[in-house]
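Hello,

Here is the structure I said I would pass on. My notes on what was found follow below.

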Amino acid sequence: MTNPREQPAAALRAFDSVRSLRDFVGRPAIRSASVVIGQDLIDRFACVTRDRQWIHVDPERAAAESPYGGTIAHGFLLLSLLSCWQSSCIAFPGAAVVLNYGFDRVRFTAPVRSGARVAACFALDQVAEPRPGEARCAWAVTVRAEESPRPAVHADWRIVVRYEEAGSG
């Protein structure tokens, strides 16, 4: 099932100025490359975060007891991959820095089973220019496993892009 605000994965979409970002507001979402969320990735994330709940790291128990029939990815694992997905489909040439500014809202709405191929779609909802050459961007992001009837994550993600040329807006 496709969302009308999503487009197929394509070449890198470059935003070289505040103006180019503003001009993209409301356009169809940009689709990232897919990433396989394998059990090894889930296990490594569990080690780093010390979140070793059985539904993530015990395939035998999850197969027997989980309503999902197997292990599932941590919601925070999926959230942590947003930068990876974004860099696979969006570039900011001429930017001095691109910063994660946080989230206004995050919802984990469907499980992602171990082994699933997952991609993200980025729709630019708003751009503010608090200073010349600086863009504060509001991205509506959905993360979806292939073959899943609904997204696994909905996030309102904020990033700041500072372009080297102050007059780039």
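**Notes on the model**

S148 is buried, since its relative accessible area is 16% and the cut-off for buried is under 20%. This is a predicted model, so please read every value here as computed from it. S148 sits in the loop that connects strand 7 and strand 8. From there, the side chain of S148 reaches the backbone oxygen of R150 at a distance of 2.8 Å.

A second loop residue is Y68, found between helix 4 (59-65) and helix 5. Is Y68 buried or exposed? Neither: Y68 counts as partly exposed, because its relative accessibility is 35% and that class lies between 20% and 50%. Setting aside neighbours within four places in sequence, Y68 is in contact with I55, P111 and R113. Between Y68 and F122 there are 27 Å in space, C-alpha to C-alpha, and the two are 54 residues apart in sequence.

Now the chain as a whole. The protein chain has six helices and eight strands. In sequence order the pattern is β-α-β-β-α-α-α-α-α-β-β-β-β-β. The C-alpha trace spans about 60 × 35 × 25 Å along its principal axes. Of contacts between residues at least 6 apart in sequence, 69% join residues at least 24 apart.

On the surface and the charges: the accessible surface of the protein chain is about 8,900 Å², and carbon and sulfur atoms account for 51% of that. The chain carries 20 positive and 18 negative charges, and the mean positions of the two sets are 4 Å apart.

Next, the interior. Of the 169 residues in the protein chain, 42% count as buried. In soluble globular proteins, nonpolar side chains tend to be buried together. Which residues touch the most other members of the largest nonpolar core? They are L21, I37, W85, F92 and W139, in a core of 40 residues. The elements that each supply at least two residues of this core include helix 1 (18-24), strand 3 (35-37), helix 2 (39-49), helix 6 (82-89) and strand 7 (134-145). Helix 5 (75-80), strand 6 (116-131) and strand 8 (153-163) each do so as well.

F92 is one of those five core residues. Apart from neighbours within four places in sequence, F92 is in contact with F15, L21, Q86, V98, W139, I159, V161 and Y163. Two of these contacts, L21 and W139, are also among the residues that touch the most other core members.

Regards

Terms used
Residues numbered from 1 in each chain as written. Predicted model: local features only at pLDDT ≥ 70, side-chain atom pairs only at ≥ 80, totals over all residues. Heavy atoms only, no water. Helix = DSSP H or I, 4+ residues; strand = E, 2+ residues; numbered from the N terminus. Buried < 20%, exposed > 50% of the residue type's maximum accessible area, 1.4 Å probe, protein only. Contact = heavy atoms within 4.5 Å. Areas by Shrake-Rupley, 256 points an atom, 1.4 Å probe, with all protein chains shown as cover. Lys, Arg positive; Asp, Glu negative; His and termini not counted. Charge placed at Lys NZ, Arg CZ, Asp CG, Glu CD. Core = buried A, V, L, I, M, F, W, Y, C linked by side-chain atoms within 4.5 Å. Polar contact = N/O pair within 3.5 Å; in protein donor to acceptor, adjacent residues only side chain to side chain.
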